[in-house]
Amino acid sequence: MRARYGVPLGITATAAAAVAYSAGIEVRSFRLRRVTVPVLPRGMRPLRVLQVSDIHMVSGQRKKQRWLRSLAALRPDFVVNTGDNLSDPEGVPEVLDALGPLLEYPGTYVFGSNDYYGPKLRNPARYLLEKAQGRHGLNGNAPVVGALHNPWEEIRDGFDAAGWVGLSNGRGSLKIDGYEIGLTGLDDPHIKRDRYARVAGGPESGADFSIGLVHAPYLRSLDAFTADGYPLVLAGHTHGGQLRIPLYGALVTNCDIDTERARGLSTHTAEGRTSYLHVSAGCGTNRYTPVRFACPPEATLLTLVERDA
């Protein structure tokens, strides 16, 4: 009997250990990713950009809050927040408190679907099914009925009061050490709030450098930014796949970008032009799926340097 059931019991024990690790350890193993991007015009000094994304704050997540506050010690030139700050309508004060030290720095932001709406309990296997069927968010599924509305306006007001530039289908800029950084952002494509026509036309001619921002890296948004000549696009949303298979990578991205670019730095090409793309794996999870495996929660310090000659 031992020989017959030894393998199944071993598999069960291994699976249980993996779940315990992903839910109890890795999901709280916050870390900083450092990336160098050769993207600036010749003659510009390096810029240090801190990207935070997919915080998915749930009230009471003290360790996450302490870690986010500690990031201010990096002293970035500016901060980029690529959305999904909430996973709990009661979490707004804790988001603003955790980001408080970072709000002292120049910054900019776009929102994601979970800033607007609370998460719903769903079978995680549906992400695999939706991938196979080419359906993601409101881009292929029926509209959500009875969604919980999050108090996103309070986050917006807090960010705006600190001087951060909101970019929901809009343009803006930051002055950094005498340089003008042009900013163009979209509202979340995952729920069809993106309106690229409102911001089309490429970077501002007077900007020293320009960045495109979007929460979910849908190909239509990446194509538009790249074809318009933005040298760098920053996004989040994917959680890096959230559950990754070692030596293989992400299984899903929850949008139509390929799994090879679910996190980190890559490039994107459209209409003969190429942009750098950085997708943050984020530092949180949906409150109903609080697990990560081979994909620790993160923020990213991007050091932008002169592009190659």
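The legends below accompany close-up views of a predicted model.

**View 1. Confidence across the predicted chain.** A good place to start is with how far each part of the model can be trusted. The mean pLDDT of the chain is 93, and 94% of the residues score at least 70. Which elements sit at the two ends of the range of mean pLDDT? Helix H1, covering residues 2-24, has the lowest mean value of the chain's elements, 59. Strand S9, covering residues 232-235, has the highest, 99.

**View 2. An open sheet of six strands.** Follow the strands across this sheet and you will read the order S1-S14-S2-S3-S4-S5, with mixed pairing. Its edges are strand S1 (31-40) and strand S5 (165-166), each of which pairs on one side only. Within the sheet, strand S3 (residues 78-81) runs parallel to strand S4 (residues 107-109), and three bridges join the two. To find your way between S3 and S4, look for Val-79, whose bridge partner in S4 is Gly-107.

**View 3. Helices H2 and H3 joined by two salt bridges.** Please look here for two pairs of charged side chains. In one pair, Glu-94 and Arg-62 form a salt bridge with an N to O distance of 2.8 Å. Because Glu-94 belongs to helix H3 (residues 92-98) and Arg-62 to helix H2 (residues 62-70), this contact ties together parts that are 32 residues apart in sequence. Are the two partners buried or exposed? Glu-94 counts as buried, at 11% relative accessibility, while Arg-62 is partly exposed at 47%. In the other pair, Asp-97 and Arg-69 meet in a salt bridge at 2.6 Å, N to O. This pair also links distant parts of the chain, with Asp-97 in helix H3 and Arg-69 in helix H2, 28 residues apart. Asp-97 is partly exposed at 43% relative accessibility, and Arg-69 is partly exposed at 29%. For the wider setting, the model contains 15 salt bridges.

**View 4. The S6-S7 hairpin and its charged residues.** Strand S6 (residues 170-176) and strand S7 run antiparallel and are joined by seven bridges. The two strands form a hairpin with two residues between them. One residue to pick out in the turn is Asp-177, which has a positive phi of about 50°. Asp-177 also belongs to a network of salt bridges that links it with Arg-45 and Asp-77. Which residue of S7 is the bridge partner of Lys-175? The partner is Glu-180, and the side chains of this pair also form a salt bridge, with their closest N and O atoms 3.8 Å apart. Lys-175 is exposed, at 62% relative accessibility, whereas Glu-180 is partly exposed at 23%.

**View 5. Strand S7 and its parallel neighbour S8.** Here the focus moves to the pairing of S7 with another strand. S7 and strand S8 (residues 209-213) run parallel, with five bridges between them. A handy landmark is Leu-183, which has Ile-211 as its bridge partner in S8. Why is S7 described as largely enclosed by the rest of the structure? Six of its seven residues (the strand spans 179-185) are buried, so the rest of the structure encloses most of the strand.

**View 6. A nonpolar patch on the surface.** Four residues make up this patch: Leu-128, Ile-245, Tyr-248 and Leu-251. The area of the patch is about 390 Å². Leu-128 is part of helix H5, which spans residues 125-133. At 46% relative accessibility, Leu-128 counts as partly exposed.

**View 7. Two loop residues with positive phi.** This last view is for readers who like to check backbone angles. Asn-254 is not a glycine, yet its phi is positive, about 65°. Asn-254 sits in the loop between strand S11 (249-250) and strand S12 (264-270), and it is buried, at 18% relative accessibility. Ala-294 likewise has a positive phi, near 55°, in a residue other than glycine. You will find Ala-294 in the loop between strand S13 (273-279) and strand S14 (298-306). Ala-294 is partly exposed, with a relative accessible area of 28%.

Terms used:
Residues are numbered from 1 along each chain as its sequence is written. This is a predicted model: local features need pLDDT of at least 70, side-chain atom pairs count only at pLDDT 80 or more; totals for chains, interfaces and linings use all residues. Side-chain values use heavy atoms; hydrogens and water are left out. Helices (H or I, at least four residues) and strands (E, at least two) are DSSP runs, numbered from the N terminus. Buried means under 20% relative accessible area, exposed over 50%, partly exposed in between (1.4 Å probe, protein chains only). Patches are made of residues with over 30% relative accessible area and no salt bridge: like charges are joined within 9 Å, nonpolar side chains (Val, Leu, Ile, Met, Phe, Trp, Tyr) within 5 Å. Accessible areas come from the Shrake-Rupley method with a 1.4 Å probe; for residues, only the protein chains shown count as cover. Two strands pair if DSSP finds at least two bridges between them. pLDDT is the predictor's confidence in each residue, from 0 to 100.
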